[in-house]
Amino acid sequence: WTEPLAPGAVILRRLARDEAGDLLRTVMEIAAVNPFQHRITPGGYRMSVAMTNCGNLGWYSDRRGYRYSEQDAESNRPWPPMPASFLALAQRAAGLAGFKDFAPDACLINRYAPGAKMSLHQDKDEKDLSQPIVSVSLGLPAVFQFGGFERSDAVQRVLLEQGDVVVWGGPSRLRFHGIQPLKPGVHPDAGAFRYNLTFRRAGMAH
Ligand code: MD3
Ligand code: FE
């Protein structure tokens, strides 16, 4: 079922529930080739979230900044291609939210261990901010924080569980958001972790 969260943002609860096990197996295949890494922020902090990517462009940070790149800086090889199942899910979700021609070229895969969090931030490294972002939650539940357009604005808290898909577009695209520290637990499909797939159009649409 769909739940509007704010103008341009909609939660598609459990949309990916039945395919979650398959998605997780595919994540493990990608991570076997391009391992999860804890990147360093430009401020010099090690991120508690571990990340890898698939698709033409992958997001990462180091002391020089945040950016998208066609290569994994660690291996100097291109990222693994975006699996057809990932692309189909992202496009189905975007379509349900009213975004007809979503063509993601980047899929960031975040892995949260207990205590890992993502502080309030905006996603603005993409070239075309009229394109939405689709996120897919897998594994342990997490509390998502959805704020306003200033870091100090009040946040709504939303529990995201395995199979929940959220589409963030339109006026919600630049809202501050984050993930509260993950509570320890054991998930039947994902063990001690939460995973999040984030589909984006990072480069210029044609
Ligand atoms: C709301 N990831 O990787 S996904 C990120 O669960 C990120 O790993 C979180 O924020 C995670 O940048 C949240 C949900 C999400 C993604 C992008 C958004 C929410 C958003 C962009 C604008 C507003
Ligand atoms: Fe984000």
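## Exercises on a predicted sheet, helix and iron site

Strands β1 (residues 2–6) and β2 pair in the antiparallel sense over four bridges; two strands count as paired if DSSP finds at least two bridges between them. Helices (H or I, at least four residues) and strands (E, at least two) are DSSP runs, numbered from the N terminus. This is a predicted model, in which local features need pLDDT of at least 70, side-chain atom pairs count only at pLDDT 80 or more, and totals for chains, interfaces and linings use all residues. Residues are numbered from 1 along each chain as its sequence is written, chains are lettered from A and ligands numbered from 1 in the order in which they are written, and side-chain values use heavy atoms, with hydrogens and water left out.

**Exercise 1.** Describe the surroundings of strand β2 (residues 9–12).

*Solution.*
- Step 1: β1 and β2 form a hairpin with two residues between them, and G8 in the turn has a positive phi of about 90°. Across this pair, T2 stands opposite L12.
- Step 2: β2 also pairs with strand β13 (residues 165–168), in the antiparallel sense and over four bridges. Here V166 is the bridge partner of I11.
- Step 3: In a regular strand the side chains alternate between the two faces of the sheet. In β2, A9 and I11 on one side and V10 and L12 on the other are all buried, and both faces are thus covered. Buried means under 20% relative accessible area, exposed over 50% and partly exposed in between (1.4 Å probe, protein chains only).

**Exercise 2.** Give the strand order of the open sheet and identify its edges.

*Solution.*
- Step 1: The seven strands follow the order β1-β2-β13-β10-β15-β8-β3, with antiparallel pairing.
- Step 2: β1 and β3 (50–54) stand at the edges with a single partner strand each, so one side of each has no neighbour in the sheet.
- Step 3: From one strand to the next the twist averages 20°.
- Step 4: Within the sheet, β8 (residues 106–112) and β15 (residues 194–200) pair over seven antiparallel bridges; Y112 has R194 as its bridge partner in β15.
- Step 5: N110 is found in β8 and is buried, with a relative accessible area of 4%. Beyond its neighbours within four places in sequence, N110 has contacts (heavy atoms within 4.5 Å) that include F36, V49, M118 and Y195.

**Exercise 3.** Characterise the packing of helices α1 (residues 20–33) and α2.

*Solution.*
- Step 1: The axes of α1 and α2 are 10 Å apart and make an angle of about 130°. Axes are lines fitted to C-alpha atoms, for helices over the stretch in contact, and angles run from 0 to 180 degrees between N-to-C directions.
- Step 2: That angle makes α1 oblique to α2, where angles under 35 degrees count as roughly parallel, over 145 as roughly antiparallel, 65 to 115 as roughly perpendicular and the rest as oblique.
- Step 3: L23, T26, V27 and I30 in α1 meet S85, F86 and L89 in α2.
- Step 4: α2 (residues 84–96) lies across β2, β3, β8, β10, β13 and β15, at about 120° to β10.

**Exercise 4.** Identify the protein donors of the iron ion (ligand 2) and locate them in sequence.

*Solution.*
- Step 1: H121 (NE2), D123 (OD) and H177 (NE2) lie 2.0 to 2.2 Å from the ion. Donors are N, O and S atoms within 2.8 Å of the metal (3.2 Å for Na, K and Ca); water is not among the atoms, so sites may look incomplete.
- Step 2: The donor spacing is H-x1-D-x53-H. D123 lies in the loop between β9 (118–121) and β10 (133–139) and H177 in strand β14 (residues 177–179), so this pair ties together parts 54 residues apart in sequence.
- Step 3: D123 is buried at 9% relative accessible area, and H177 is buried at 15%.
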